[in-house]
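Take a moment with the structure below. We will walk through it one step at a time.

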Amino acid sequence: MSLEVAVAVPFKQQGTTRLGEGEFVVALSLDRSWFSPDQAKRLIDVAAGRGLLAREDGEVVAQFEPADVIVPEDYEPDQSILREQSAFERILDALVAAGYDKQDVVAEVNDRQRRLGISVEAAAALYAREQDVDAGDAIETAKADLGE
């Protein structure tokens with residue numbers, strides 16, 4: 001996951017799971033030149049929304065083990081990670097990461113959506129649950145669409 005890799009780098013660089021927000025921003029904007037300072041702040045927001053980071057007393061805290069993340073030597077994040085993904089996209093990513101074919105998953109989800117008359121997010125959540133794939137908070141978001 002590109003987002004997790006980008007977020008892990010500042011923590012790996014310092015050998016910690018907790019950094020001041022400014023340190024995190026400097027690591028990504030000045031040290032790596034991957035993002036502008038505003039984009040690095042946006043990355044914190046997106047990562048926090050995905051459950052990868054938490055904010056505590058002016059610090060960002062990794063909610064995963066950064067040391068376990070492998071950063072390819074030539075890694076450079078794509079700017080698309082700065083946008084928030086929909087619940088559907090997050091569930092789809094979880095299914096693909098679990099080894100399911102993306103095209104097959106989309107076809108299955110579309111079929112459920114059409115047959116059941118529900119949102120694409122809810123259909124994806126049902127499919128992920130049937131496959132016993134954990135898609136984290138995206139499932140909760142999709143459940144809210146169903147009124148559960």
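**Starting from helix α3**

The buried residues of α3 are Ala 40, Leu 43, Ile 44, Val 46 and Ala 47. Buried here means under 20% relative accessible area. What lies over these residues? The cover of the buried residues of α3 includes two helices, α1 (2-14) and α2, and two strands, β2 (53-56) and β3 (59-62). Bear in mind that this is a predicted model.

Now look at α3 as a whole. It has 13 residues. From its first C-alpha to its last it reaches 19 Å. That is close to the 18 Å expected at 1.5 Å a residue. Just after α3 comes Gly 51, which takes a positive phi of about 85°.

Next, the helix pairs. Two packed helices are described by the angle between their axes and the distance between the axes.

Begin with α2 and α3. Helix α2 covers residues 21-31, and helix α3 covers residues 37-49. Their axes come within 9 Å and cross at roughly 120°. Angles of 65 to 115 degrees count as roughly perpendicular. The crossing angle makes α2 oblique to α3. The crossing of α2 and α3 is right-handed. Which residues make the contact? From α2 come Glu 21, Phe 24, Val 25, Leu 28 and Ser 29. From α3 come Pro 37, Ala 40, Lys 41, Leu 43 and Ile 44. Sort the residues of this contact by class, and you find seven nonpolar, one polar and two charged. Ala 40, Leu 43 and Ile 44 are also among the buried residues of α3.

Now turn to α1 and α2. They pack at an angle of about 105°, with their axes 9 Å apart. That angle makes α1 roughly perpendicular to α2. On the α1 side, the contact is made by Ala 6, Val 7, Pro 10, Phe 11 and Gln 13. On the α2 side, it is made by Phe 24, Ala 27, Leu 28 and Asp 31. By class, the contact of α1 with α2 has seven nonpolar residues, one polar and one charged. Phe 24 and Leu 28 of α2 take part here, and they also take part in the contact with α3.

Leave the helix contacts and look at two loops. Asp 57 lies in the loop between β2 and β3. Its phi is positive, about 50°, although Asp 57 is not a glycine. Is Asp 57 buried or exposed? Exposed means over 50% relative accessibility. Asp 57 has 80%, so it counts as exposed.

Asp 132 sits further along the chain, in the loop between α6 (120-130) and α7 (137-146). Asp 132 also has a positive phi, about 60°, and it is not a glycine either. At 72% relative accessibility, Asp 132 counts as exposed.

Finally, step back to the whole chain. It has seven helices and three strands. Read along the sequence, they follow the pattern α-β-α-α-β-β-α-α-α-α. How much of the chain is buried? Of its 148 residues, 39% count as buried. The C-alpha atoms fill a box of roughly 50 × 35 × 25 Å, taken along the principal axes. Now consider the contacts in the chain with a separation of 6 or more. Residues 24 or more positions apart account for 60% of them.

Conventions
Residues numbered from 1 in each chain as written. Predicted model: local features only at pLDDT ≥ 70, side-chain atom pairs only at ≥ 80, totals over all residues. Heavy atoms only, no water. Axes fitted to C-alpha atoms, helices over the stretch in contact; angles between N-to-C directions. Helix = DSSP H or I, 4+ residues; strand = E, 2+ residues; numbered from the N terminus. Parallel < 35°, antiparallel > 145°, perpendicular 65-115°, else oblique. Left-handed = near helix turned anticlockwise from the far one by under 90°. Contact = heavy atoms within 4.5 Å. Nonpolar A, V, L, I, M, F, W, Y, C, P; charged D, E, K, R; others polar. Expected span 1.5 Å × (residues − 1). Buried < 20%, exposed > 50% of the residue type's maximum accessible area, 1.4 Å probe, protein only.
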